[in-house]
Amino acid sequence: MTQIHPEMHERRILGTELLWAFGVGVFIAATLSLVIFTALTMGMNPPSNVERIDPKTLHLSGEFAEHNLGTTVEADGTVTARVIATQFMFVPGCIAVPRGRPVTLRFASPDVIHGLLVTGTNVNTMVIPGYVSQVHTEFQKTGDLLMPCHEYCGLGHSEMWATVQVIPDNEMKPDPQGRISCVQR
Ligand code: CUA
């Protein structure tokens, strides 16, 4: 039987350790680069908006009262859509938004935690009672997009979804209150 010299043994251990450290270092660097890259090029950021709202009274007055829900073109031209996520629907069930313009989406929940995403976009957030969830985005293509609830919120969870109708900017015809609604096709 051949005996390995203790010094050789040490060196082999050190070599393996350095190899693993290098591998892990490359992995962490790649992960961080991907996070930074998607943040800069695709607008994928963790939600940073901290805004409180009383879930018991949000439907009575203020921006989430029924007549304020849906999409509004504000006086300065900015587009904001306000949606309530509740067991087991989004109100309104269809949101019309213009293509190629910055849009702010604002969500609130009066009951339990919901979540949502809009397929093929950077829109993906939780909706937690007590807070307003806000997402900035720009829709690139016209058409109907699916917006499902993606956080288990009860027995009707799988039936909870809405449609985002992306329309050409020049077809956007806000009413005198600046509101735009989905058109039936
Ligand atoms: Cu709301 Cu799942």
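**Entry 1: Asp54 and Thr57**

I began with Asp54, which lies in the loop between H1 and S1. The model I am reading is a predicted one. I looked up the exposure of Asp54 and found a relative accessible area of 36%, so I record Asp54 as partly exposed. I then took the C-alpha to C-alpha distance from Asp54 to Ile180: the two are 27 Å apart in space and 126 residues apart in sequence.

I next turned to Thr57, also placed in the loop between H1 and S1. Its relative accessible area is 36%, and I therefore enter Thr57 as partly exposed. From Thr57 to Phe22 I noted a C-alpha separation of 55 Å, with their positions 35 residues apart along the chain.

**Entry 2: helix H1**

I looked up the extent of H1, which covers residues 6–42. H1 contains 37 residues, and its first and last C-alpha atoms lie 53 Å apart, close to the 54 Å expected at 1.5 Å a residue. After H1 comes Gly43, for which I noted a positive phi near 65°.

I then asked which residues make the nonpolar surface patch of about 910 Å². I listed Trp20, Val24, Phe27, Ile28, Leu32, Val35, Ile36 and Leu40. One of these, Val35, I placed in H1. For the spacing of such positions I kept a general point in mind: an α-helix has 3.6 residues a turn, so residues three or four places apart point the same way.

**Entry 3: cis peptide bonds**

I checked omega at two peptide bonds. The bond joining Gln87 and Phe88 is cis, with omega at about 0°. I located Phe88 in the loop between strand S2 (79–86) and strand S3 (89–91).

The bond from Val91 to Pro92 is also cis, and here I recorded omega near -5°. Pro92 belongs to the loop between S3 and strand S4 (94–98).

**Entry 4: nonpolar cores**

Which members of the largest nonpolar core touch the most other members? I found Phe90, Phe139, Met147 and Val164, out of 27 residues in that core. I then listed the elements that give two or more residues to this core: S2, S4, strand S5 (102–108) and strand S10 (161–167).

I followed Phe90 further, leaving aside neighbours within four places in sequence. Its contacts include Val83, Ile84 and Ala85, and I also noted Gly115, Leu116, Met147, Pro148 and Cys149 among them. Met160, Trp161 and Ala162 are in contact with Phe90 as well. I noted, too, a second, separate core of six residues, with Leu58, Phe64, Leu69 and Val132 among its members.

**Entry 5: His157**

I located His157 in the loop between strand S9 (143–148) and S10. Is His157 buried or exposed? Its relative accessibility is 17%, under the 20% limit, so I count His157 as buried. Not counting residues up to four places away in sequence, I found His157 touching Phe88, Cys149, His150, Glu151 and Tyr152. Phe88 is the residue whose peptide bond with Gln87 I had recorded as cis.

**Entry 6: salt bridges**

I counted six salt bridges. As background, side chains of opposite charge can pair when their charged atoms come close.

I looked up the bridge between Arg106 and Glu51 and noted an N to O distance of 2.6 Å. This pair links distant parts of the chain, since Arg106 is in strand S5 and Glu51 in the loop between H1 and strand S1 (70–73), 55 residues apart. Arg106 has 8% relative accessibility and therefore counts as buried. Glu51, at 27%, counts as partly exposed.

Arg106 also meets Glu63 in a salt bridge, again with 2.6 Å from N to O. Glu63 sits in the loop between H1 and S1, 43 residues from Arg106 in the chain. I recorded 25% relative accessibility for Glu63, so Glu63 is partly exposed.

I then examined Arg82 and Glu74, whose salt bridge has its closest N and O atoms 3.6 Å apart. Arg82 is buried, with a relative accessible area of 14%, whereas Glu74, at 28%, is partly exposed. Which residues are joined into one network by salt bridges that share partners? I entered Glu51, Glu63, Glu74, Arg82 and Arg106.

Note on methods: Residues are numbered from 1 along each chain as its sequence is written. This is a predicted model: local features need pLDDT of at least 70, side-chain atom pairs count only at pLDDT 80 or more; totals for chains, interfaces and linings use all residues. Side-chain values use heavy atoms; hydrogens and water are left out. Patches are made of residues with over 30% relative accessible area and no salt bridge: like charges are joined within 9 Å, nonpolar side chains (Val, Leu, Ile, Met, Phe, Trp, Tyr) within 5 Å. Accessible areas come from the Shrake-Rupley method with a 1.4 Å probe; for residues, only the protein chains shown count as cover. A salt bridge is a side-chain nitrogen of Lys or Arg within 4 Å of a carboxyl oxygen of Asp or Glu. Helices (H or I, at least four residues) and strands (E, at least two) are DSSP runs, numbered from the N terminus. The expected span of a helix is 1.5 Å times one less than its number of residues. A nonpolar core is a set of buried Ala, Val, Leu, Ile, Met, Phe, Trp, Tyr and Cys residues joined through side-chain atoms within 4.5 Å. Buried means under 20% relative accessible area, exposed over 50%, partly exposed in between (1.4 Å probe, protein chains only). Contact means heavy atoms within 4.5 Å.
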